[in-house]
Amino acid sequence: MLIYTAPYKISRGYLSLLTSSANSLNCGHYVLSDRSGLKKKTMLRVVLIGLLSGLLISTEARPQSTVQPEVSAYSYYPPDQDKASWQRLNLWLSSTYLYIAKEALTDQDSCLLIAGHYLGLSRFSILAEGFGDEKLREQSKWIDQGDPGTGIRFLSKATGKKHLQLLLLLGSYYAFQPAGYSRYKDSVEYFLNKAITESKTLKDERLHLLALCLLGKIYLQACDDRGDSIYHQLIAQCRKTGDKAAAARAIAYRGIYTAPRQTTFQRKLSDLQEAADLYHSMGDIENEINMLMDLGYVVMAAGQHQSAYDFFSRALSLATSIQYPYTHYITEALANITMYQGKFGEPLRYIHQAIKVAENCRDSVGWALFYGRLALLYDVEGRQQEAADMAQKSIKRFIIDRNPAVYNIVQVVIDFMNQQGHAREALDLVFNISKEVNAPVSMSDLFYYHSALSTCYSALKKLDSAEIHIKKMDSLETEAEVIRGPLRRGAVNEHYAMLFFQRGQYQKAKEYLENHFEIVSYGHRTLMNDLAIYRSLIDTDSALGNKDAVISHYKEYIKLLDSNFTATKTRQAEELQISYETQEKESQIAALNQDAKQSKLIKNLTLAGIVATGIIVVLLYRQNRLKQKSNKIITYKNEQLQHLVADKEWLLKEIHHRIKNNLQVIMSLLDSQSRYIDNDAALMAINDSQRRVQAISLIHQKLYQSENTSSIDMPHYIDELLSYLQDSFDTGNRTIIEQDIEPLQLDVAKAIPLGLIINEGIVNAIKYAFPGEQQGIVRISLKYNGAGHLALNISDNGTGLPPDVDVSKRGSLGFSLMRGLARQLDGVFNIESNNGLHISVRFSALNNQSYD
């Protein structure tokens, strides 16, 4: 990934990742209090408090605390409550981050769609920029439902300017669809050309320019010459009429959507800079921030680190000036660029800020990568335990997201395992993780996957196998370099050097190592990598018997260590010392001021202290006697309570275990019965019953395996249930199931009927939605829907129900069962057949835990 490139030689402190206490318990403490004598003690304290209060009131003193409360800069609220300009900037920053993370190998419109889904934000703020209003927004929910047919129906009833706005919105919708040029080019041209014609009729110059801008976008993304022609005329027309807003948007779009090539670099850079200047002159800070971030990413890709740092810093300053809360992508970019610059304190500070903000605003798009970067930075500074904990957190998040980018951080873990002599276990770790995440598809994920395997096979001395994976890395990097320039060429050369060194071909190994300093591989040229290469060169020169080269490379190694590491560390220590001394002085001044203000209060309190001393002595003596007596009782009762709690938990787990075993016996009996049945309908009924029993059995299995015997972790349960159903039908790649499950827990009373509903809905989709060899997608989501309610949605893009079937009177067991289970949940059940079958259940989430 462009934004997250791991130094290959940083490998300390990760053994605990493999031996962490995954089953460790967080035990609660139960405390009992003895109420004997409580009434008498309360009376004595009231007397003492009365005396002290009387003295304080008589002096009219107002004591002040020396500790100032911490002011929280952000309190979570749904991002869709922000103003439109903030929603738009939030979508731009998150989608651009995804686009950069995927190294420009996925189209930007796909990234925008994913970002909107993660953030819960409608793309309307971007699609309708410049012509959308609140009324149009309310009417445009079809955008994020992927239902342009509704928009077309609105269009057929609209007239005048409203008709023109809907033409623009429909054209914009198709222009921002993933792969819009290849899949929706005709729709884009139809709606936008009609909008251009109609805007001329209505003499609306502003909407005419917006339509041209959107039309040029789709041509530009496809490298169609018509895009350049449209933008050239459009920008010239805007400059002629003095329309800064239209000019800024057109120039920004040309800078953003021009395909990233070495030949287009200079024009992208100048367009983005001009757009940023125009937005600055208009006081449009949100759009200026977006342009500055794009500028930073572009120059960072060209290896211009200081310029990138300046752009990112300016963006952060502007965001702070308007109190924009979602700064995590900006600070993450600063952490990235300062890491490339070889700085130490700044990357750590920026990534901490990024993680804090991302967690506060619940934007999980970059959590796994953020945690991984923090783990690497901890490791660089020798904070091994913190590095291990954070790496474990990163890998866990990658696996939750089923994200194949996990191989980046896994590389660090297997390096350490290999050094400890656990090469076989390292290879097993890679294979085990590959079962938990999606198969790598993007060039970057495939690159790190083959890198991990190459490292493992090299450690096992299986050099031919290692070479196969190195060649795949080489091929992937060669292909990617055409799009975004050299990024990991240094990593490829390092693997080749390791391979040749192990084969005893030291001269070849040296050539690859020396090439590290000659090529432009901005993703691999970090301080730690440079130091590692020098160490490898010293080893290679020693094997070649070249003493002069050993001495020369050793001097360069020491020079680099002194100039970049020691100096930076010293500067960082000095800055920390100054910061510490400043805080100390401020604290001392505050304390002195506080002492001066409280001097009169102390004089009055002296008298109160003398009077109260006698009472306090009596209270302390009495309290000590009561405490000794009550402590014995409390200790005894606590021990009894702990035994009772432990027995109860054991019994509950045993019950769930036995229920699960009994259900498994039932499934085995059903399976045995099915072997003697030759009636297809009866056999299908038995198989359906087996799946229903398995849905219940999974819940009891989760309960006895978990430390929490009262509630079910729904994301993990649903994931296992869906995996079982896919294996049961052996759908292969024909049916894809997409999940969007909130991190929540449900009690057994709600989890069992909900699991059975999910079982029925998914089985129905797999069996009937895609007849023959038809491929399709089944989507399942479980989310909070209003205060205290959850909504389950199961939908597919299959054939749906026949037109003549009345859904409300559907008489199958599956539909009847789902309706009955919905009533058991006190929920509302609904079925709709429209471009596939859509099943929804909305029910109360009362007494259930919310977000983890």
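In this predicted model, helix α9 offers a friendly starting point. The helix runs over residues 160–175, and at 1.5 Å a residue its 16 residues should span 22 Å. Its end C-alpha atoms lie 23 Å apart, which agrees with that expectation. As for its surroundings, 13 of the 16 residues of α9 are buried, so the helix is largely enclosed by the rest of the structure.

Attention now turns to charged side chains. Searching the whole structure gives 26 salt bridges. One of them joins the side chains of D271 and R254, with a distance of 2.8 Å from N to O. This pair links distant parts of the chain, since D271 belongs to helix α14 (residues 265–282) and R254 to helix α13 (residues 244–257), 17 residues apart. Are these two partners buried or exposed? The cut-off for buried is under 20% relative accessible area. D271 has a relative accessibility of 2% and therefore counts as buried. R254, at 15%, also counts as buried.

A second example sits within a single helix. The side chains of R424 and D428 form a salt bridge, with 3.3 Å between N and O. Both residues lie in helix α22 (residues 423–436), where they are 4 residues apart, or about one turn of the helix. Why does such a spacing suit a pair of side chains in a helix? An α-helix has 3.6 residues a turn, so residues three or four places apart point the same way. Unlike the buried pair described above, R424 is partly exposed at 39% relative accessibility, and D428 is partly exposed with a relative accessible area of 32%.

A third salt bridge brings together the side chains of E467 and R503, at 2.8 Å from N to O. E467 is in helix α24 (residues 463–484), while R503 is in the loop between α25 (489–502) and α26 (506–515), so the pair ties together parts that are 36 residues apart in sequence. The two partners fall into separate classes of accessibility: E467 is buried, with a relative accessible area of 19%, whereas R503 counts as partly exposed at 31%. Which residues are joined into one network by salt bridges that share partners? They are K185, E189, D224 and R226.

Key:
Residues are numbered from 1 along each chain as its sequence is written. This is a predicted model: local features need pLDDT of at least 70, side-chain atom pairs count only at pLDDT 80 or more; totals for chains, interfaces and linings use all residues. Side-chain values use heavy atoms; hydrogens and water are left out. Helices (H or I, at least four residues) and strands (E, at least two) are DSSP runs, numbered from the N terminus. The expected span of a helix is 1.5 Å times one less than its number of residues. Buried means under 20% relative accessible area, exposed over 50%, partly exposed in between (1.4 Å probe, protein chains only). A salt bridge is a side-chain nitrogen of Lys or Arg within 4 Å of a carboxyl oxygen of Asp or Glu.
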